[in-house]
Amino acid sequence: MAVSSQRLSGRPPSPTTDSIFDVIRQLGCLQLDPISVVAPSHRLVLWSRLGPYEVGALERLQWQERRLFEYWAHAASIVLTEDYPLHRRLMLAWRTNHSSIQTKAWSRRLQEWVGDNAALKRHILSAIRRRGPLPAGALDDRSVRPWQSSGWTGWRNVDRMLAYLWISGVLVVGRRQGLTRWWDLAERWLPDWTPGGRPSQAQVVRHAAQRSLRALGVARARDIDRHFIAGRYPGLPEVLSSLQRDGTILPVEIRDGATPWPGGWYIHRDDIPLLDRIEAGDWEPRTTLLSPFDNLIRDRDRTRLLFDFEYSLEIYLPAARRTYGYYVLPILHGDRLIGRIDPAVDRKQRRLMLRAVYTEDRWGAHRAGGEVAEAVRQLAQFIGAETVTTVGPVPSPWASALRKAL
């Protein structure tokens, strides 16, 4: 259920604009991340579900049709414009300095800093209103008190104010050139058909909780709370009780042999047909590679419980302390995570390099060499690599299959 609800089973659909949008709608969001060792994470998430697709189709959805925009879900993400009312409550909380964000020390500090730098805020909005979309580098720093941080944002005053205006819904990312964002007024950039209205907090939680559950397939309250608009589900237990009373969601028990898993688990009533098909054997496994930020595995605790798979991103660790590698992609084979690869790309030579490959042998990974090799070949095709080479250790059961396929 978890794998199928994430669109990671069955034959991939033809990668049209509509199918790309359909996948994003099911997932709810695509996390953005500046690290692009192989490809940007949000593109990899779609590739895992669609196979090689035209990146331009995703770009059209976001920048021309504007059916997608960038906002905060469980992290900075691409979200659906039709879901604008679900995100609007967080925007308004920031604009009005609502108590829901005042309880966080960092939020209070940012609000105070914004108040002290009202001149910088006015300058940014005036410049964008007059001149159209602008990158941060085109805006003067007119702050009177610098933003101080122990991290990478320290003294980046224009960037901090832009981030505040973005999270409060005043600005949007109007377009991108590489890592450079061009900022525009939300009222000018969002399409006329963007849903309006101000749903109540309870309405937002009721709707978003169902979106989260359907994306997860089967979940506990804590899983729902950590997914989609993570941490923005006040009163979730009461909302889930209401959804259960009216039959919208159903309690289920998961057993490992004779032992039930702890916690109250749910499925959505609209997913009962999917469960019936799976139990009837109408389930086609797939083999693919997952981004470190893939929606299926981003909750590491849930990943450990469902897949018995320990995974962490080691990119910020010194090389000597890494167990598996710099930017490791887990290997999904059917309903198991059977291994991982540590890839790198030589873009000048158009070459995908496998710095290391690891298996989880307890899942019979030795029998999946051909499927893993095909997944690697499709990844190479997607990123435009003409050759694939192994430059590190490869498990012996897979070495022959990789050589033949690649």
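**Exercise 1. A short strand and its sheet**

Which residue of strand 6 does Pro135 stand opposite? Use the answer to work out the sheet around it.

*Solution.* Let's go step by step, remembering that this is a predicted model.
- Step 1: Look across from Pro135 and you find Trp182 of strand 6.
- Step 2: Strand 4 and strand 6 (residues 180-185) are joined by two bridges and pair in the antiparallel sense.
- Step 3: Put this pair into its sheet, which is open, has three strands in the order 4-6-5 and is paired antiparallel. Its edge strands are strand 4 (134-135) and strand 5 (171-177), each pairing on one side only.
- Step 4: Add the helix. Helix 9 (residues 157-167) packs on this sheet and touches strand 5 and strand 6. The direction of helix 9 makes about 120 degrees with that of strand 5.

**Exercise 2. Another open sheet**

Find the order of the strands in the sheet that holds strands 1, 2 and 3, and explain why strand 1 and strand 2 each have a side without a neighbour in the sheet.

*Solution.*
- Step 1: The order is 1-3-2, with antiparallel pairing in an open sheet.
- Step 2: Strand 1 and strand 2 (68-72) stand at the edges with a single partner strand each, so one side of each has no neighbour in the sheet.
- Step 3: From one strand to the next, the twist averages 30 degrees.
- Step 4: Zoom in on one pair: three bridges link strand 1 and strand 3 in the antiparallel sense, and Leu30 stands opposite Ile78 in strand 3.
- Step 5: Now add two helices. Helix 3 lies across strand 1 and strand 3, at about 125 degrees to strand 1. Helix 5 (residues 84-95) packs on the sheet and touches strand 2 and strand 3, its direction making about 35 degrees with that of strand 2.

**Exercise 3. Looking closely at helix 3**

Why is helix 3 (residues 41-50) described as largely enclosed by the rest of the structure?

*Solution.*
- Step 1: Count the buried residues, those under 20% relative accessible area. Nine of the 10 residues of helix 3 are buried, so the helix is largely enclosed.
- Step 2: Name some of them: Leu44, Val45, Leu46 and Trp47 are among the buried residues.
- Step 3: Ask what covers them. The cover includes helix 2 (17-27), helix 4 (55-64), strand 12 (287-289) and helix 16 (369-383).
- Step 4: Step past the end of the helix, where Gly51 follows with a positive phi near 75 degrees.

**Exercise 4. Strand 11 and a pocket**

Which way do the residues of strand 11 point, and are they buried or exposed? Then describe the second largest pocket.

*Solution.*
- Step 1: Recall that side chains in a regular strand alternate between the two faces of the sheet.
- Step 2: Trp265 and Ile267 point one way, Tyr266 and His268 the other way, and all are buried.
- Step 3: Find the partners. Strand 7 (residues 219-220) joins strand 11 through two antiparallel bridges, with Ala219 opposite Tyr266. Strand 8 (residues 249-252) is also antiparallel to strand 11, over four bridges, and Ile249 has His268 as its bridge partner.
- Step 4: Turn to the pocket, whose volume is about 600 Å³. Its lining has 21 residues, with Met1, Ala2, Val218, Ile254 and Trp261 nearest the centre.
- Step 5: Strand 11 (265-268) is one of the elements that supply at least two lining residues each.
- Step 6: Sort the lining by class: 14 nonpolar, one polar and six charged residues.

Methods
Residues are numbered from 1 along each chain as its sequence is written. This is a predicted model: local features need pLDDT of at least 70, side-chain atom pairs count only at pLDDT 80 or more; totals for chains, interfaces and linings use all residues. Side-chain values use heavy atoms; hydrogens and water are left out. Buried means under 20% relative accessible area, exposed over 50%, partly exposed in between (1.4 Å probe, protein chains only). Contact means heavy atoms within 4.5 Å. On a 1 Å grid over the protein atoms alone, a cavity is a set of points where a 1.4 Å probe fits but cannot get out, and a pocket is an open set with protein on both sides within 12 Å along at least five of seven lines; lining residues have an atom within 4 Å of a point. Grid points are joined across faces, edges and corners, and a volume is the space filled by probe spheres set on the points. Ala, Val, Leu, Ile, Met, Phe, Trp, Tyr, Cys and Pro count as nonpolar, Asp, Glu, Lys and Arg as charged, and the others, Gly among them, as polar. Two strands pair if DSSP finds at least two bridges between them. Axes are lines fitted to C-alpha atoms, for helices over the stretch in contact, and angles run from 0 to 180 degrees between N-to-C directions.
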